[in-house]
Structures are given as C-alpha cells and as structure tokens.
Amino acid sequence: MLRVLQFCGGCVPLHRLQFQFSDSVIQTLLDRELVQVQNTGRGFLLEIAEDFSS
C-alpha cells in the first residue's frame with residue numbers, strides 16, 4: 001500500500017483506496033504512524049507521513 005501511495009505522489013483520496021485495501025490495513029498503517037489522513041473539506045486524503053517519507 002505504501003508503494004501505491006509513493007507511486008501516486010504521496011497521497012491518494014481515501015475513498016479510492018478503500019476498494020483496494022481493507023479498513024484493517026489502512027488502520028494498521030495509521031496506528032504505526034506511517035500514513036496520515038487529511039481533511040480537505042471536500043473529502044479525505046491518505047498520505048505518507050512526513051516522518052516516514054524522509
């Protein structure tokens with residue numbers, strides 16, 4: 001999943017990933033602080049955490 005995010009420039013609309021990955025996979029990455037969710041006001045983006053990408 002992290003490779004998908006990297007391939008897409010580091011962030012993807014959350015609704016797009018929910019069809020490809022289970023909620024438990026997304027939650028595990030959130031718990032490990034490898035990704036973060038950003039509210040754009042028009043939806044949610046799942047993006048690689050800044051600490052992980054450097």
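This report describes the fold, the nonpolar core and one buried residue of a single protein chain. The structure is a predicted model.

**Overall form**

The protein chain contains 4 helices and 3 strands. Read from the N terminus, these elements follow the order α-β-α-α-β-β-α. Since a compact globule of 54 residues would have a radius of gyration near 10 Å, the 10 Å found for the protein chain agrees with that expectation. The table collects further values for the chain as a whole.

| Property of the protein chain | Value |
|---|---|
| Span of the C-alpha trace along its principal axes | about 25 × 25 × 20 Å |
| Share of the 54 residues that count as buried | 28% |
| Share of contacts with a separation of 6 or more that join residues 24 or more positions apart | 44% |
| Exposed area | about 4100 Å² |
| Part of the exposed area supplied by carbon and sulfur atoms | 49% |

**The nonpolar core**

In soluble globular proteins, nonpolar side chains tend to be buried together. In this model, the largest nonpolar core comprises 12 residues. Among them are Met1, Leu2 and Leu5 at the start of the list, and Leu46 and Ile48 at its end. Several elements contribute to this core: helix H1 (2-7), helix H2 (14-17), helix H3 (23-31) and strand S3 (44-48) each provide at least two of its residues. Val12, Leu34 and Val35 also belong to the core.

**The hairpin of S2 and S3**

Strand S2, which covers residues 35-39, pairs with S3 in the antiparallel sense over 5 bridges. One of the bridge partnerships links asparagine 39 to phenylalanine 44 in S3. The two strands form a hairpin, with 4 residues between them. In the turn, glycine 41 has a positive phi of about 90°.

**Glutamate 47**

Glutamate 47 is a residue of strand S3. Is glutamate 47 buried or exposed? Its relative accessible area is 16%, and because residues under 20% count as buried, glutamate 47 is buried. Apart from neighbours within four places in sequence, glutamate 47 is in contact with Gly10, Cys11, Val35, Gln36 and Gln38. Of these residues, Val35 is also a member of the largest nonpolar core, and S2, spanning residues 35-39, is the strand that pairs with S3. Glutamate 47 can also be placed relative to proline 13: the two are 34 residues apart in sequence, and their C-alpha atoms are 8.6 Å apart in space.

How values were computed:
Residues are numbered from 1 along each chain as its sequence is written. This is a predicted model: local features need pLDDT of at least 70, side-chain atom pairs count only at pLDDT 80 or more; totals for chains, interfaces and linings use all residues. Side-chain values use heavy atoms; hydrogens and water are left out. A nonpolar core is a set of buried Ala, Val, Leu, Ile, Met, Phe, Trp, Tyr and Cys residues joined through side-chain atoms within 4.5 Å. Buried means under 20% relative accessible area, exposed over 50%, partly exposed in between (1.4 Å probe, protein chains only). Contact means heavy atoms within 4.5 Å. Two strands pair if DSSP finds at least two bridges between them. The radius of gyration is taken over C-alpha atoms; the globule rule is 2.2 Å times the number of residues to the power 0.38. Accessible areas come from the Shrake-Rupley method with a 1.4 Å probe; for residues, only the protein chains shown count as cover.
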